[in-house]
Amino acid sequence: WNRSRLQALIMIIAVGTATSACEDLLTVELPTKVAAENLENPALATVLVNSAIGEFECAFSQYVAASGQLTDELRHSSGWLVMTEWDHRKIGNTRDNRACNTNFGYGMFIPLQKARVSAESSKALIEGWADADVEGKADKIATLATYAALSRNLLGEAFCEMTIDVGPIMTPTQVLQSAETALGQAMSLASAAGRSDLENAARVVRARTRLTLGDKAGAKTDAAGVPAGFVLNATYSGAD
């Protein structure tokens with residue numbers, strides 16, 4: 001009997017605490033969530049840029065591993081079933097829709113689209129803010145333009161069909177043509193911002209894009225314009 005009374009008392013205290021902290025279940029505040037409108041702030045421009053870079057680098061790591069297995073350029077040596085299924089090309093409907101940093105297979109489509117949207121939407125935001133409110137505005141815009149274009153290139157290379165922003169179904173050629181245009185714009189913005197690293201990165205990828213599109217002369221011109229030994233490193237972290 002005493003145990004029952006104690007359990008009842010604990011329940012009453014728990015319910016009372018919950019209702020006092022949350023009077024309306026429909027208006028619960030989630031301190032770990034950030035509303036989209038809170039990011040529409042010039043003070044967070046650097047956060048937006050770094051987030052877009054992080055999205056791309058995570059998606060790129062997934063792309064390298066997944067495409068490497070599918071083309072037999074690498075073979076997963078463990079007995080992990082999900083990874084082995086990729087090596088066997090036994091990819092179910094959900095296998096390509098994984099997010100980055102999971103233990104359940106590679107994510108390519110969703111991470112690449114997230115990377116593209118993150119860069120393109122952040123670029124549009126920053127372009128709309130006053131120059132005085134965003135330190136290094138031209139640099140940030142050039143960075144976002146470059147990483148957005150890199151995402152378009154990979155989407156065009158990887159998938160037989162694609163849609164951009166809920167638009168019509170596009171062929172790989174159409175996606176790569178949009179990537180070629182985006183890469184050219186990124187090169188111009190990077191040049192104006194004095195970012196030769198971004199300009200050369202975009203030029204390298206545009207050369208590859210043009211080669212895939214059959215424009216060998218254009219590819220050769222782009223490739224010849226990149227300094228020998230040029231490297232742009234992707235960096236990785238365990239942080240979310």
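Helix α2 is a good place to begin: it has 26 residues, and from its first C-alpha to its last it reaches 37 Å. That is close to the 38 Å expected at 1.5 Å a residue. Keep in mind as you look that this is a predicted model. Just after α2 comes D72, and its phi is positive, near 65 degrees. We will come back to positive phi values further on.

Now look at the aromatic rings. How many aromatic pairs does a search of the whole structure find? The search finds three. One of them joins F56 and F60, whose ring centres are 5.8 Å apart and whose planes meet at 15 degrees, so this pair is stacked. Planes under 30 degrees apart count as stacked, and you can check the angle against that cut-off yourself. Both residues belong to helix α2, and because they are four residues apart, about one helical turn separates them. Are they buried or exposed? F56 is buried, with a relative accessible area of 8%, while F60 is partly exposed, at 30%. To be called buried, a residue must have under 20% relative accessible area.

Another pair is made by F109 and F159, and it is edge-to-face: the centres are 5.6 Å apart, with 85 degrees between the planes. F109 lies in helix α4 (residues 109–127), whereas F159 lies in the loop between α5 and α6, so the pair ties together parts that are 50 residues apart in sequence. F109 is partly exposed, with a relative accessible area of 26%, and F159 is buried, at 17%. Back at α2, the rings of F56 and F60 also take part in one aromatic cluster together with Y147.

F56 and F60 lead us to an open space as well. Which residues lie nearest the centre of the second largest pocket? They are F56, F60, L150, V205 and L232, out of 19 residues that line this pocket. The space inside the second largest pocket is about 410 Å³. The elements that give two or more residues to its lining are α2, α5 and α7 (196–213), and α2 gives the most, with five residues. Sorted by chemical character, the lining has 15 nonpolar residues, two polar and two charged.

Next, follow helix α5, which covers residues 137–158, and find E157 in it. E157 is partly exposed, with a relative accessible area of 30%. Which residues does E157 touch beyond its neighbours within four places in sequence? Its contacts there are Y63, L176 and R208. The chain also brings V175 towards this region: the C-alpha atoms of E157 and V175 are separated by 8.4 Å, although the two residues are 18 apart along the chain.

Finally, step into the loop between α5 and α6, where you will find D165 and V166. Most residues other than glycine have a negative phi. Against that background, the phi of D165 is positive, near 55 degrees, and V166 has a positive phi of about 60 degrees, although V166 is not a glycine. What about their surroundings? D165 counts as exposed, at 52% relative accessibility, and V166 is exposed too, with a relative accessible area of 82%. Exposed here means over 50%, so you can compare each value with that cut-off.

Definitions and conventions. Residues are numbered from 1 along each chain as its sequence is written. This is a predicted model: local features need pLDDT of at least 70, side-chain atom pairs count only at pLDDT 80 or more; totals for chains, interfaces and linings use all residues. Side-chain values use heavy atoms; hydrogens and water are left out. Buried means under 20% relative accessible area, exposed over 50%, partly exposed in between (1.4 Å probe, protein chains only). Contact means heavy atoms within 4.5 Å. Rings of Phe, Tyr and Trp (its six-membered ring) pair if their centres lie within 6.5 Å; planes under 30 degrees apart count as stacked, over 60 as edge-to-face and the rest as tilted. The expected span of a helix is 1.5 Å times one less than its number of residues. On a 1 Å grid over the protein atoms alone, a cavity is a set of points where a 1.4 Å probe fits but cannot get out, and a pocket is an open set with protein on both sides within 12 Å along at least five of seven lines; lining residues have an atom within 4 Å of a point. Grid points are joined across faces, edges and corners, and a volume is the space filled by probe spheres set on the points. Ala, Val, Leu, Ile, Met, Phe, Trp, Tyr, Cys and Pro count as nonpolar, Asp, Glu, Lys and Arg as charged, and the others, Gly among them, as polar.
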